[in-house]
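Please take a moment with the sequence and the structure shown here, and then follow the explanation below.

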Amino acid sequence: MLDEFQCVAMQKKWVRTHGSLKRKVSGFFSSSNSLAFRLKMGHKITKLRKRLDEVAADKAKFNLVENTVDRHVVHRREMTHSFVVASEVIGREYDKENIIDLLMTTDGDDHHHHRNVTVVPIVGIGGLGKTTLSKLVFNDQMAVDHFQLRMWVCVSEDFDLKQLIIKIIKSASNVNLGDFDIEQLQNFLRTILSRKIFLFVLDDVWNEDRGKWMELRDLLRGGAGGSKIFVTTRSNSIASMMGTVPSYRLYGLVQEDCLSLFVNWHLKKDKRNNIQIL
């Protein structure tokens with residue numbers, strides 16, 4: 001509704017500044033004149049208030065509590081790692097096979113436009129299992145055999161270039177270069193990647209600054225052709241900004257897999273409780 005109000009205000013401003021007398025007169029008799037517009041928006045406001053009243057009623061019904069939070073902190077979570085027990089993952093075999101196919105595919109056009117790095121984004125709402133799927137792919141034997149170098153970095157909190165380079169180097173070589181300046185770090189990183197086919201998982205990306213991403217991407221171009229960067233994010237805009245191929249969208253599990261996951265989780269919980277009791 002606010003967009004509609006703003007649009008009409010801009011139209012009126014344009015007519016006052018640039019419109020002819022004929023345009024002004026015809027505008028008065030059109031469906032968008034002030035009286036018609038006020039009537040239409042009045043109905044919309046009434047409907048909106050009714051919806052808000054229903055939300056308020058649900059709040060009381062379900063004992064929901066109001067809380068003011070910083071929107072930039074809501075999504076933050078613990079850092080992730082690459083280990084997974086594949087046998088305990090339910091319902092993602094099909095997605096894993098599709099992603100591995102993408103990783104093993106060499107795209108000629110992508111090679112031309114983006115040199116030697118293909119960026120594959122996986123997108124989905126929180127809790128669907130993007131990180132778990134990434135772990136399955138990262139540890140699959142085909143990926144282990146195909147890529148000479150595999151690296152895993154969780155971004156989550158901040159897209160700080162220097163800290164990301166330090167994490168990438170540590171993941172690739174188990175060397176901590178926290179005391180190096182960024183010039184030394186970028187030289188070391190490009191040396192590690194030089195002429196190697198690598199797989200790099202960049203997990204839980206929230207940064208929307210295209211400049212920061214391009215700066216990191218340029219440093220990752222030193223690998224051999226066929227290198228892949230696998231990005232997980234909840235944001236379509238971030239996936240579009242970073243990806244060199246169409247995003248892979250992850251959806252929820254089918255009902256049977258949801259039930260299996262539910263049962264499996266509670267069995268594990270019971271086992272943990274038994275251990276604690278013993």
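Helices, here, are DSSP runs of H or I with at least four residues, numbered from the N terminus. In this predicted model, I45 is found in one such run, helix α3, and that helix is a useful place from which to begin.

Helix α3 covers residues 34-61, and its axis comes within 12 Å of the axis of helix α1, residues 2-18, the two crossing at roughly 170°. Because angles over 145 degrees count as roughly antiparallel, this crossing makes α1 roughly antiparallel to α3. Where the two helices meet, E4, F5, V8 and K12 are the residues from α1, while S34, F37, K40, M41 and K44 are those from α3. Sorted by character, the residues of this contact comprise 4 nonpolar, 1 polar and 4 charged.

Among the charged residues, E4 and K40 deserve a closer look, since they form a salt bridge in which the closest N and O atoms are 3.2 Å apart. E4 lies in helix α1 and K40 in helix α3, so this pair ties together parts that are 36 residues apart in sequence. The structure as a whole holds 7 salt bridges.

The surface brings us back to I45, which forms a nonpolar patch together with M1, L2, F5, L48 and L52, the accessible area of these residues together being about 540 Å². Both α1 and α3 give two or more residues to this patch, and the largest share, 3 residues, comes from α3.

Notes:
Residues are numbered from 1 along each chain as its sequence is written. This is a predicted model: local features need pLDDT of at least 70, side-chain atom pairs count only at pLDDT 80 or more; totals for chains, interfaces and linings use all residues. Side-chain values use heavy atoms; hydrogens and water are left out. Axes are lines fitted to C-alpha atoms, for helices over the stretch in contact, and angles run from 0 to 180 degrees between N-to-C directions. Angles under 35 degrees count as roughly parallel, over 145 as roughly antiparallel, 65 to 115 as roughly perpendicular and the rest as oblique. Contact means heavy atoms within 4.5 Å. Ala, Val, Leu, Ile, Met, Phe, Trp, Tyr, Cys and Pro count as nonpolar, Asp, Glu, Lys and Arg as charged, and the others, Gly among them, as polar. Patches are made of residues with over 30% relative accessible area and no salt bridge: like charges are joined within 9 Å, nonpolar side chains (Val, Leu, Ile, Met, Phe, Trp, Tyr) within 5 Å. Accessible areas come from the Shrake-Rupley method with a 1.4 Å probe; for residues, only the protein chains shown count as cover. A salt bridge is a side-chain nitrogen of Lys or Arg within 4 Å of a carboxyl oxygen of Asp or Glu.
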